[in-house]
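Thanks for asking me to look this one over. Could you open the model beside this note while you read?

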Amino acid sequence: MSGRRSKRKGSRTEREFAKLIGGERIPLSGAAGGSYTGDVKGLGLLWECKVRKDGFKQLYKWLEGDVDALAVKADRKEWLVVLPAEKLLKILSERGIK
């Protein structure tokens, strides 16, 4: 994918995610630095958005079935939690967080 198409794909994905969570996309996707770090602000968090054609296939596979969330960890690194956005929004809504 060319650089321009890749940038458009990333920007489109950031806008889509910002809309989903009721947040806002950060101008220049954080390239300006300072208070413009990250890709999206919303739900009281600063988000970095990544999109790959097929690069996350294994994550989706692990979330199939009756699994609600996925916890992953590399040696000597902190835990990461992966869950579908709709599940996150439901959890936050049940706790009165918008």
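Here are my points, starting with a helix and moving on to a sheet.

1. Please keep in mind that this is a predicted model. Helix 1 is a good place to begin: its 19 residues reach 27 Å from the first C-alpha to the last, close to the 27 Å expected at 1.5 Å a residue. Just after helix 1, G22 takes a positive phi of about 70 degrees.

2. Which residues of helix 1 are buried? They are K9, G10, S11, E14, F17, A18 and I21. The cover over these buried residues includes strand 1, strand 2, strand 3 and helix 3, the last spanning 85-94.

3. A18 deserves a closer look. This residue of helix 1 (residues 3-21) has a relative accessible area of 4%, and since buried means under 20%, A18 counts as buried. Leaving aside residues up to four places away in sequence, A18 touches G23, E24, R25 and V40. The C-alpha atoms of A18 and A85 are separated by 11 Å, with their positions 67 residues apart along the chain.

4. Now for the sheet, which is open and has three strands in the order 1-2-3, paired antiparallel. Strand 1 (24-25) and strand 3 (45-47) each have a single partner strand, so one side of each is left without a neighbour in the sheet.

5. How many bridges join strand 1 to strand 2? There are two, and these strands run antiparallel. Strand 2 covers residues 40-42, and its K41 stands opposite E24. E24 is also one of the residues that A18 touches, which is a handy spot to centre your view.

Definitions and conventions: Residues numbered from 1 in each chain as written. Predicted model: local features only at pLDDT ≥ 70, side-chain atom pairs only at ≥ 80, totals over all residues. Heavy atoms only, no water. Buried < 20%, exposed > 50% of the residue type's maximum accessible area, 1.4 Å probe, protein only. Contact = heavy atoms within 4.5 Å. Pairing = 2+ DSSP bridges. Expected span 1.5 Å × (residues − 1).
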